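Reader: I would like to go through this structure by question and answer. Please keep each reply short and end it on the value or name I asked for.

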Amino acid sequence: MSAPVVVSDVTKVFNTGRPDAVTALSQVDLTVAAGEFVSLIGPSGCGKSTLLRLVADLTAPTSGTVTVDGLPAPQARAEHRYGIAFQQAGLFGWRTVRRNVELPMQLRRMPSADRRARAEELLDLVGLADFAGHYPAQLSGGMQQRVAIARALAVQPPLLLMDEPFGALDEMTRERLQDELLRLCADTTVIFVTHSITEAVYLSDRVVVMSPRPGRITAEIPVSLGVRHEVTRQSDTFFEYVTKVRRALRGAPVADAP
Ligand SMILES: Nc1ncnc2c1ncn2[C@@H]1O[C@H](COP(=O)(O)OP(=O)(O)OP(=O)(O)O)[C@@H](O)[C@H]1O
């Protein structure tokens with residue numbers, strides 16, 4: 001099950017009417033199809049996180065609308081249609097790693113034996129099986145991020161929102177988790193914020209390029225690389241897409257797909 005997202009003519013102004021007002025997003029339209037994997041990429045401050053937070057209903061648009069699975073974002077949020085993994089891991093310090101991963105399952109009233117088994121499976125997947133009984137403060141930043149990823153995947157949400165979830169990871173772990181993410185999210189709608197061009201190309205069905213002040217979408221690059229595996233990262237077509245995204249980030253017009 002996956003949920004489409006429609007962002008329609010959205011403008012977001014912070015501190016409206018004050019001298020420090022910031023137009024973070026201006027007239028943004030973005031449609032993400034059910035099951036599509038879309039990455040947002042752009043220079044720091046272009047509004048990627050703001051766009052993701054609007055979809056997550058963590059902030060409201062100044063004008064325009066956001067729907068998830070046809071529902072206004074606040075209603076979709078109330079119905080727990082999201083899985084969220086943001087850059088700051090957002091773990092609960094008083095809960096063990098396992099109990100953090102179990103939380104979304106608990107909210108859905110999953111029986112405790114099932115949620116414990118699922119949490120262990122996910123912690124194994126992110127390489128933290130031995131840390132289930134630890135508290136977040138006892139883990140490194142990258143380990144905390146992996147717990148947040150396991151938690152986001154716990155209930156196979158129809159929509160997964162990820163804001164630089166792999167930012168603090170070493171390259172090998174990062175590549176392994178990219179592959180796992182694709183495997184686990186084959187049928188999930190994903191909106192993924194990253195600063196890495198190669199990561200965006202490897203993961204996405206479409207890369208959305210943004211420009212700053214005010215944040216706008218300046219290019220959308222569909223990526224067709226088929227099923228990803230190790231050789232994909234070394235293929236000529238992969239590098240052609242990387243070049244294309246890099247050019248779009250520099251403001252060059254986007255030509256047809258390679
Ligand atoms: N709560 C807030 N109050 C005021 N301004 C904000 C707030 N959140 C974001 N902004 C401003 O909105 C703009 C977009 O910020 P946002 O965090 O969305 O950018 P970003 O593209 O995600 O950046 P980065 O890549 O550095 O994470 C920035 O100019 C930022 O200063």
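**Confidence, sheets, core and ligand shell**

Author: This is a predicted model. The mean pLDDT of the protein is 89, and 93% of its residues reach 70 or more.

Reader: Which strand has the lowest mean pLDDT among the elements of the protein, and which the highest?

Author: At the lower end stands strand S6, residues 82-85, with a mean pLDDT of 68. The highest mean, 97, belongs to residues 37-41, which form strand S3. In that order, the names are S6 and S3.

Reader: What ipTM does the predictor give the complex?

Author: The predictor gives two scores for the complex. The pTM is 0.89, and the ipTM is 0.97.

Reader: Which are the edge strands of the open sheet?

Author: Four strands form this sheet, in the order S2-S1-S4-S5, with antiparallel pairing. An edge strand here pairs on one side only. The two that do so are S2 and S5 (71-72).

Reader: How many bridges join S1 to S4?

Author: S1 (residues 5-14) pairs with S2 in the antiparallel sense over seven bridges; there, valine 13 stands opposite threonine 23 and valine 5 opposite valine 32. S4 covers residues 63-68 and also runs antiparallel to S1. In S4, threonine 67 is the bridge partner of valine 6. The number of bridges between S1 and S4 is five.

Reader: Which strand pairs with S8 over four bridges?

Author: S7 (residues 159-163) runs parallel to S8 and is joined to it by five bridges, with leucine 159 partnered by threonine 189. The pairing over four bridges is also in the parallel sense, and in it leucine 40 stands opposite valine 193 of S8. The strand asked for is S3.

Reader: How many of the residues of S8 are buried?

Author: S8 spans residues 189-193 and is mostly covered. One side holds the buried residues Thr189, Ile191 and Val193, and the other holds Val190 and Phe192, also buried. The count is five of five.

Reader: Which helix gives the most to the largest nonpolar core?

Author: The largest nonpolar core has 68 residues, and Val55, Ala150, Ile191, Val207, Val209 and Val245 have the most contacts inside it. Leaving out residues up to four places away in sequence, valine 55 touches Val5, Val7, Val66, Val68, Ala73, Leu161 and Ile191. The helix that gives the most to this core, with seven residues, spans 141-153 and is H5.

Reader: Why is H1 largely enclosed by the rest of the structure, and how many of its residues are buried?

Author: The buried residues of H1 are Lys48, Thr50, Leu51, Leu52, Arg53, Leu54 and Val55. Just after H1, aspartate 57 takes a positive phi of about 65°. H1 is largely enclosed because its buried residues number seven of eight.

Reader: Which element gives the most to the shell around the ligand?

Author: The residues around the ligand are Phe14, Asn15, Val22, Ala24, Gly42, Ser44, Gly45, Cys46, Gly47, Lys48, Ser49 and Thr50. Two elements give two or more residues to this shell: strand S2 (22-32) and helix H1 (48-55). The most, three residues, comes from H1.

Reader: How many charged residues does that shell have?

Author: By class, the shell has seven polar residues and four nonpolar ones. The number of charged residues is one.

Reader: Is leucine 139 exposed, partly exposed or buried?

Author: Leucine 139 lies in the loop between H4 (112-125) and H5. Apart from neighbours within four places in sequence, leucine 139 is in contact with Phe131, His134 and Gln144. Because leucine 139 has 18 C-beta neighbours inside 10 Å, and 20 or more would be needed for buried, its class is partly exposed.

Reader: What separates the C-alpha atoms of serine 26 and arginine 95 in space?

Author: Serine 26 is placed in strand S2 and counts as partly exposed, with 18 C-beta neighbours inside 10 Å. Not counting residues up to four places away in sequence, serine 26 touches Thr11, Pro214, Gly215 and Arg216. Serine 26 and arginine 95 are 69 residues apart along the chain, and their C-alpha separation is 39 Å.

Notes: Residues numbered from 1 in each chain as written. Predicted model: local features only at pLDDT ≥ 70, side-chain atom pairs only at ≥ 80, totals over all residues. Core = buried A, V, L, I, M, F, W, Y, C linked by C-beta atoms within 7 Å. Buried ≥ 20, exposed ≤ 12 C-beta atoms within 10 Å, placed from the backbone. Contact = placed C-beta atoms within 7 Å. Near = placed C-beta within 6 Å. Nonpolar A, V, L, I, M, F, W, Y, C, P; charged D, E, K, R; others polar. pLDDT = per-residue confidence, 0-100. Pairing = 2+ DSSP bridges.
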